[in-house]
Amino acid sequence: MNDLFALDDLTCRALADAHGTPCFGYSAAVAAEQFTALRHVLPQRVRLAYAVKANPHPDLLGLFKSLGASFDCASIGELERVAALRLPAGRTFFAGPGKRMPELQKALYMGVRVQAEGFEDLARIDALATRETAVNLRVHPAFDIDEGNRIIGGSGPSAFGVDEEDLPALLEKAASLTHVRIKGLHVFAASNQRDAVKLKAIHGAVLDLAKRLHEVHGLALEQIDLGGGLGVPYASNETPLDLAVFGQGLSDLLARHAWFKGELILEPGRFLAGPCGVYLARVVRLKESRGTRFAILEGGINHLIRPLLTGQPFPVKAVGKGEGTVPYTLAGPLCTSLDRLGDVRLPELAAGDLLAFGTAGAYGLNEGMTHFLSHPVPPEVWVAG
Ligand SMILES: Cc1ncc(COP(=O)(O)O)c(C=O)c1O
């Protein structure tokens, strides 16, 4: 079995026959393996919080809960999904640049640790809280943000967090608040990064920033949240993250920053959920157009929007047909020429053939925009007269 595909051909075929296509299949064994392999290399002082946005499927959440996960939420919908898990206190976090009052209310009611993204979050929490409330502060750092794509927006202007250069003014203002206490730092500075050495450099820069906040502004930090961003391979020539090197890197950083006695938080989504998922869709028809061979599938960017958003395709195989070298452009059924899932080489295809897209457990179905982050769907109002 190719590592990029959590389910073998027999299982893909069985799922397609039993449930129809298109469909997503998730392997519980692969999800558990990703979690335990990562947990195994992490120093004890690192809390592993699954980023629900990657895939909020209730069975996946239940599995990670049973393995000891904490959870990172980004909307009221995600908070509700995690509330259903009935976790003990301290295992849920809430981040996001546009938190609304009902979301903050829900988070405080659940005893969730909020990652405040600016003074408005701090002031609103202060107004809602009736006793001392610890929050983490999300900072958009001045150092280079590692990014090969457009997910977190690079190190220029950003909607996320407090810009590092604005911290002194914000901390001064925050000192006058009654209930809110800044007890942690949150920096998300990588995306889909498979190089453990680069991750160590990024996390090292975050810890250096934390040290400056501690020394210059006297912040007593209980938590430093390093965000997500651990990468997974999407092609057979991409090497996976070296977990042993990654874990050692975090141990080294904790040793180097002996002043910090609190816990580190990691909140990976893609790494934990990506490899377990397979998306299955059949070929509806083939068309040769001016030298390009199109395979038109039952599903496209309505189910897998990532190739359109980031330019990065999912790996694909023709189930039961082995390797092939025929070039195809994979198109979906939508009436837009944006509906493309990639240019690939596969065996000769025929209508009805089953294709499987691997590493589709994260940012797959739920990245469809009304699903993404489990935000509520807006009502549609018919105004007559
Ligand atoms: C605040 C926050 N935490 C965690 C994640 C998960 O990132 P990844 O799936 O790259 O690990 C994201 C992704 O956008 C995020 O915005």
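Helices and strands are here DSSP runs, of at least four residues for helices and at least two for strands, and they are numbered from the N terminus. The structure described below is a predicted model, and two points of its backbone may be considered before the packing of its helices. In the loop between strand 8 (180-186) and helix 8 (196-217) is found asparagine 192, a residue which has a positive phi of about 45 degrees although it is not a glycine. A second point concerns the loop that lies between helix 1 (9-19) and strand 1 (23-26), where proline 22 is placed; this proline 22 is joined to threonine 21 by a cis peptide bond, for which omega is about -5 degrees.

The helix that follows the loop of asparagine 192, namely helix 8, packs against helix 9 (residues 243-256), the two axes coming within 9 Å and crossing at roughly 25 degrees. Because angles under 35 degrees count as roughly parallel, helix 8 is described as roughly parallel to helix 9. The crossing of these two helices, helix 8 and helix 9, is right-handed. On the side of helix 8 the contact is made by Ala196, Leu199, Lys200, His203, Gly204 and Leu207, while helix 9 contributes Val245, Phe246, Gly249, Leu250, Asp252, Leu253 and Arg256. When the residues of this contact between helix 8 and helix 9 are divided by class, 7 are nonpolar, 3 are polar and 3 are charged.

A further pair is formed by helix 2 (residues 28-41) and helix 3 (residues 58-66), whose axes come within 10 Å and cross at roughly 40 degrees. That angle makes helix 2 oblique to helix 3, and the crossing of helix 2 and helix 3 is right-handed. Ala28, Ala31, Ala32 and Phe35 of helix 2 meet Leu60, Leu63 and Phe64 of helix 3 in this contact, so that, by class, the contact of helix 2 with helix 3 has 7 nonpolar residues, with no polar and no charged ones.

Helix 5 (residues 101-110) and helix 6 (residues 119-128) likewise have axes that come within 10 Å, and these axes cross at roughly 60 degrees. Helix 5 and helix 6 are therefore oblique to each other, and helix 5 passes helix 6 in a right-handed crossing. The residues that make the contact are Met101, Leu104, Gln105 and Leu108 from helix 5, together with Asp121, Arg124, Ile125 and Leu128 from helix 6. In this contact of helix 5 with helix 6, the residues divide into 5 nonpolar, 1 polar and 2 charged.

The surroundings of the ligand remain to be described. There are 13 residues around the ligand, and of these Gly229, Glu267, Gly269, Arg270 and Tyr363 come nearest. For glycine 269, a polar backbone atom is 2.9 Å from an oxygen atom of the ligand, and for arginine 270 a polar backbone atom is likewise placed with respect to a ligand oxygen atom, at 2.8 Å. In the case of tyrosine 363, by contrast, the side chain takes part, with an N or O atom of that side chain 2.5 Å from an oxygen atom of the ligand.

Technical notes: Residues are numbered from 1 along each chain as its sequence is written. This is a predicted model: local features need pLDDT of at least 70, side-chain atom pairs count only at pLDDT 80 or more; totals for chains, interfaces and linings use all residues. Side-chain values use heavy atoms; hydrogens and water are left out. Axes are lines fitted to C-alpha atoms, for helices over the stretch in contact, and angles run from 0 to 180 degrees between N-to-C directions. Angles under 35 degrees count as roughly parallel, over 145 as roughly antiparallel, 65 to 115 as roughly perpendicular and the rest as oblique. A crossing is left-handed if the near helix is turned anticlockwise from the far one by less than a right angle, and right-handed if clockwise. Contact means heavy atoms within 4.5 Å. A residue is near a molecule or strand if one of its heavy atoms lies within 4 Å of it. A polar contact is a pair of N or O atoms within 3.5 Å; within protein, one must be able to donate a hydrogen and the other to accept it, and residues adjacent in sequence count only if both atoms are side-chain atoms.
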